[in-house]
Amino acid sequence: MLAIRLVDGAERPDVLVLPVRSVEGGGVPAALSPDLPVLPDDVLTEATALVPATRATGRAGEVHPHLRPGRTPGRLLLVGIGSGDEPGWRAAGAALARAGSNETQITIAMPADVPPEAVRGLVEGLLLASYRFRLTEAGDTPALADVDLAVTDPARYAYTLERAEVTARMTRLARDLTNTPSSVKNPQWFAERVEEAATGHPDLHLRVREPDELAAEGFGGILAVGGGSASGPRLVELDWRPAGARTHVVLVGKGITFDTGGISIKPVPAMKLMRKDMAGAAAVVAATLGAAALRLPVRVTTLAPLAENAVSGSAFRPGDVITHYGGVTSETTNSDAEGRLVLADALAYAVAELKPDLLIDLATLTGANAVALGKRTGALYSENDELAADVLAAIDAAGEAAWRMPLTADYVEHLASEVADLYSAPNQGGGSVLAALYLREFTGDLRQRWLHVDMSAPSWADADSAELTRGATGWGVRSLLRWLPTLG
Ligand code: BES
Ligand code: MN
Ligand code: ZN
């Protein structure tokens, strides 16, 4: 990860970045961001003239390079920051990570009194857009290794920088886990990565349940889904338990390390990216590690039910009836609706044993998410208006996206089964809604304090775009690390 330093001023760098603000309504004339105290006078004069000369508009993320051969700095980069709000600076950071990727070091001249949110956006944009997945893109690593932020008062931004760095580091961890091929990433491997990351934090506790323990305690959904694979299932329980915490949140993440669909096997195009089917588990684990790194004063317990949904003679079948943790039974007409079966166990366990104040789950649950909302937006469900509003606000502030969807009462009847308590895969349209209604059946007393996000769509980016690099996005880590600190 590239190293970002806060410096107060005036070393003479080789590459100097100057922010350009757009004017109301966009277009020319834009203006060099006022009050850049770190600039030598000659550079300031020249850069001021460059703004109209390059026809810079200040649009967030627009970059204009300018060469100054034989002089220092040898290169100026004008970068648009829009109106100068956090999203504008985030776009600028992402654009600089790409435009500056052949430099080894750049210095960014920050305006005096720039608000901490701007620094947060800039740093997250830089660190997220410069991400590459080590396995497949080793040759494509950006040269850019050091970024100096020239500010008048470095101490003022120290915590902002730390928080943005932890957020980016954890988002990158979630991306790494999700991008990893399923030949490497089985449930045991995932659990070992969590163990590795959690070691050394005194208030972080980890328990990994193996198949025999899952059987002894009745986790029938996890065992059924994991039963077809040579790599057995696991349940990761990671607990950040700081002294004095007044609120307890349980985060649950779907952890299917590969989803073939099982006996109800997926066709080739639909199966292609199913190594990403543990993106929910990656996000909640990474967010919990982030909460620990930042010592957030809230207790966070993460549950990641991990299984590979494979095809074999020991795979569960369409029409099987399985008994979940706590005793509720499901008729499983389609073995490709496996995510809800593992989540059901984890939710029921959280409600019965952990009894948190709030219960949140993130899952790559249905293809219907993208049908309804496209490729960038998660589908959010909750009966609790205040909780939904708070989480949506955090998602928006973090630069991610979700849209609240209904838990339509009229559809509950589709969950009825003649042979079990619930029917797991009704084929009635509204697939994301029905999956959410199914999960709700396992929330017990916490029904009004539960929130679910179907994040199948935004968990993956087909192409580089702003702070996203193609592949896994780490969706949810940034949002959770915005929301958790508001709980106090
Ligand atoms: N993992 C898939 C959902 C998915 C699809 C995630 C596309 C990311 C991209 C899930 O397990 C699944 O197969 N869902 C089925 C449910 C159906 C059988 C009720 C689906 O969406 O078709
Ligand atoms: Mn499936
Ligand atoms: Zn799945």
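Are Lys254 and Glu338 buried or exposed? In this predicted model, Lys254 is buried, and Glu338 is buried as well. These two residues make a good starting point for a reader meeting the structure, since both belong to a metal site.

That site holds the zinc ion (ligand 3), whose protein donors are Lys254 through NZ, Asp259 and Asp277 through OD, and Glu338 through OE. The distances from these donors to the zinc ion (ligand 3) run from 2.0 to 2.4 Å. Six donor atoms surround the zinc ion (ligand 3), with angles of 79 to 171 degrees among them, and the site is octahedral. For comparison, the ideal angles for six octahedral donors are 90 or 180 degrees. Along the sequence, the donor residues of the zinc ion (ligand 3) follow the spacing K-x4-D-x17-D-x60-E. Distant parts of the chain are linked in this way: Lys254 sits in the loop between strand 10 (248–253) and strand 11 (255–259), while Glu338, 84 residues apart from Lys254, sits in the loop between strand 14 (329–332) and helix 10 (339–354).

A second metal accompanies the zinc. Asp259 bridges the zinc ion (ligand 3) and the manganese ion (ligand 2), and 3.2 Å separates the two ions. The manganese ion (ligand 2) has as its protein donors Asp259 (OD), Asp336 through both O and OD, and Glu338 (OE), at 2.0 to 2.2 Å. In sequence, the spacing of these donor residues is D-x76-D-x1-E. The arrangement around the manganese ion (ligand 2) is irregular because its six donor atoms subtend angles of 72 to 169 degrees. Among the manganese donors, Asp336 has a relative accessible area of 23% and is therefore partly exposed, whereas Glu338 counts as buried because its relative accessibility is 0%.

Turning to the chain as a whole, two domains are assigned: domain 1 spans 3–151 and domain 2 spans 165–487. Their C-alpha centres are 37 Å apart. Where the domains meet, 19 residues of domain 1 are in contact with 23 residues of domain 2. About 1800 Å² is buried between domain 1 and domain 2, with carbon and sulfur atoms giving 50% of this area. Arg90, Leu128 and Tyr131 stand out here, as they supply 38% of the area that domain 1 buries against domain 2, more than any other three residues. Three salt bridges are counted between domain 1 and domain 2. Elsewhere in the description of side chains, Glu86 and Arg482 meet in a salt bridge with an N to O distance of 2.6 Å.

Notes:
Residues are numbered from 1 along each chain as its sequence is written. Chains are lettered from A and ligands numbered from 1 in the order in which they are written. This is a predicted model: local features need pLDDT of at least 70, side-chain atom pairs count only at pLDDT 80 or more; totals for chains, interfaces and linings use all residues. Side-chain values use heavy atoms; hydrogens and water are left out. Donors are N, O and S atoms within 2.8 Å of the metal (3.2 Å for Na, K and Ca); water is not among the atoms, so sites may look incomplete. Four donors count as tetrahedral if all angles lie between 85 and 135 degrees; four count as square planar and six as octahedral if opposite donors are over 155 degrees apart and all others between 65 and 115; anything else is irregular. Helices (H or I, at least four residues) and strands (E, at least two) are DSSP runs, numbered from the N terminus. Buried means under 20% relative accessible area, exposed over 50%, partly exposed in between (1.4 Å probe, protein chains only). Domain bounds come from an automatic or database domain assignment. Contact means heavy atoms within 4.5 Å. Buried area is the accessible area (1.4 Å probe) that two parts lose on being put together, summed over both. A salt bridge is a side-chain nitrogen of Lys or Arg within 4 Å of a carboxyl oxygen of Asp or Glu.
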